[in-house]
Amino acid sequence: MTLLDDFLIRAALAGIGLVLAAAPLGCFVVWRRMAYFGDATAHAAILGVALALAFQTSVFGGVLVVSLVMALTVSTLSNRGFAMDTLLGVLAHSALAFGLVAVSFLHGVRVDLMAYLFGDILAVTRADLAVVWGGAALVLVLLWWRWSALLTATLNPDLAHAAGIDPRREQLVLTLALALVVAVAIKVVGALLIAALLIVPAATARAFANTPERMALAAALIGALSVIGGLQASLHYDTPTGPSIVCVAALLFLASSTAQLLLHRRRG
Amino acid sequence: MSLVSITGLSVRLGGNTVLHHVDFTIDRGEIVTIVGPNGSGKSTLLRAIIGALRPTAGRVTHKTGLRIGYVPQKLHIDPTLPMTVRRFLDLPVRVSNAEAVAALDEAGAGALTARQMAGLSGGQFQRVLLARALLGKPDLLILDEATQGLDQPGSAAFYQKIAEVRDHLGCAVLMVSHELHVVMAASDRVVCLNGHICCQGEPEHVASAPEYRALFGTGTGGALALYRHEHSHSHDHGHDHDHTHHDHGEAAE
């Protein structure tokens, strides 16, 4: 019997692997005001699940491909100056709706839709764990490699151009990383909650950081705390695990915002 | 060889021809100022030079290995992005503390290292932008309305700083400005732009050129003159240029 035989340990490791990749990526999502973007990509994931099951390929692969297509579409259209919120409202919810309808056509396979919408972190297998950590490692390497160029392009596209950095290429790197995180996350927290894990820890971390790197580190730490706290809470109160993790993250955000507000008032 | 040479550059943006058949070069050590009314394509020209805009026609050629230091018109840093002055100077290439301090001193922004970018005053912010642009040891420093939001003594001091930097580093400087009288005194060459290059040369020469006067009026104080256009200006080009300036309506009336 090894450590990984315990489903709780596997769940915790899967969650932590996911937030380690989601934290720095989530910071970019927040800095670049792309929260909607994460939503659209994640909603498209359900369509990916349906297609993967229909063609009997791996769910991870299906989600990765569809998320990537969605992310690329959004990213291309946003560069063409479409009204972004409207466009995303159309794309994100249509993808979700078509996904749900497509799933209903799948006869013969019984699809536990809830598991894909909200994840089933307690059912994570060793193979899933390998996928999560492999994907997370890939995202981290990608971000590490492009970090400085990404930050420069995030600050100002012209500044990037002048330094010989192509901001569109950096946007593509983020798009790819986002699709990877969504594909990895679908098993852990599901399509509807992944956007929360991207944004909430990063937003919480803002209060404790004076540089971009510290914000990313703090976000990872806060994400890990949320995973562990959420798992404990779901065991204790017998609540669904994925949503419990997000609830803990949200409570941490509330606490940090309140603390910051009080501190500010005392100073000012 | 010139640092940047531009031949026959045309740029269309959103269906409008912003730049039409522009030929331009800048050489080592020169301070060149581009002046022109709003919408005359000044920023567009700079953005084409740094490669942020693709020309519709013509060519923009850089000297091989050209290092550009760019100071944008304005830089909005999202409040969710924490950024100290010191960290900002590390973008996109990390520099040593000694280099960072030297660049800040050169730009007249010493002692700001630990401050958050968002908490700087307008003048401090522009100086930090300048310091960052200097860190790459640029051959060409490009400033797009770098003194926007500074008061008159502030911008005069800023341009003084630019001249010092040029003398010290030997880089060329290309800038866009509205503050004609301040800028023209500090330039080796002035380019008067209005979709195309109307005239260029030494400041004294340009200030007395009929094309320049047509755009900026005959008054000596360029800034004031901006409000007194003569509309009789015509060009001997075949194509139809939009030279109708909007009525500025003198605010002091």
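This passage looks at chain B on its own and then at the place where chain A and chain B meet, in a predicted model.

Chain B is a good place to begin. Its secondary structure consists of nine helices and nine strands. Of its 253 residues, 52% count as buried. The accessible surface of chain B amounts to about 11,500 Å², and carbon and sulfur atoms hold 50% of that area. Within chain B, 65% of the contacts with a separation of 6 or more join residues 24 or more positions apart.

Turning to the interface, 23 residues of chain A are in contact with 28 residues of chain B. Together the two chains bury about 2,100 Å² between them, with 59% of this on carbon and sulfur atoms. On the side of chain A, the most area is lost to chain B by A:Leu155, A:Asp158 and A:Leu159, which together make up 29% of what that side buries.

Polar and charged pairings also link the two chains. There are three salt bridges between chain A and chain B. A salt bridge joins A:Glu213 to B:Arg87, with the closest N and O atoms 2.5 Å apart. Residue pairs in polar contact between the chains, both at pLDDT 80 or more, number nine.

Which helices of chain A each supply at least two residues of the side that touches chain B? They are α1 (7-31), α6 (126-155), α7 (157-162) and α10 (212-237). The largest share comes from α6(A), with five residues. Sorted by class, the side of chain A that touches chain B has 12 nonpolar, six polar and five charged residues.

Conventions. Residues are numbered from 1 along each chain as its sequence is written. Chains are lettered from A and ligands numbered from 1 in the order in which they are written. This is a predicted model: local features need pLDDT of at least 70, side-chain atom pairs count only at pLDDT 80 or more; totals for chains, interfaces and linings use all residues. Side-chain values use heavy atoms; hydrogens and water are left out. Contact means heavy atoms within 4.5 Å. Buried area is the accessible area (1.4 Å probe) that two parts lose on being put together, summed over both. A salt bridge is a side-chain nitrogen of Lys or Arg within 4 Å of a carboxyl oxygen of Asp or Glu. A polar contact is a pair of N or O atoms within 3.5 Å; within protein, one must be able to donate a hydrogen and the other to accept it, and residues adjacent in sequence count only if both atoms are side-chain atoms. Helices (H or I, at least four residues) and strands (E, at least two) are DSSP runs, numbered from the N terminus. Ala, Val, Leu, Ile, Met, Phe, Trp, Tyr, Cys and Pro count as nonpolar, Asp, Glu, Lys and Arg as charged, and the others, Gly among them, as polar. Buried means under 20% relative accessible area, exposed over 50%, partly exposed in between (1.4 Å probe, protein chains only). Accessible areas come from the Shrake-Rupley method with a 1.4 Å probe; for residues, only the protein chains shown count as cover.
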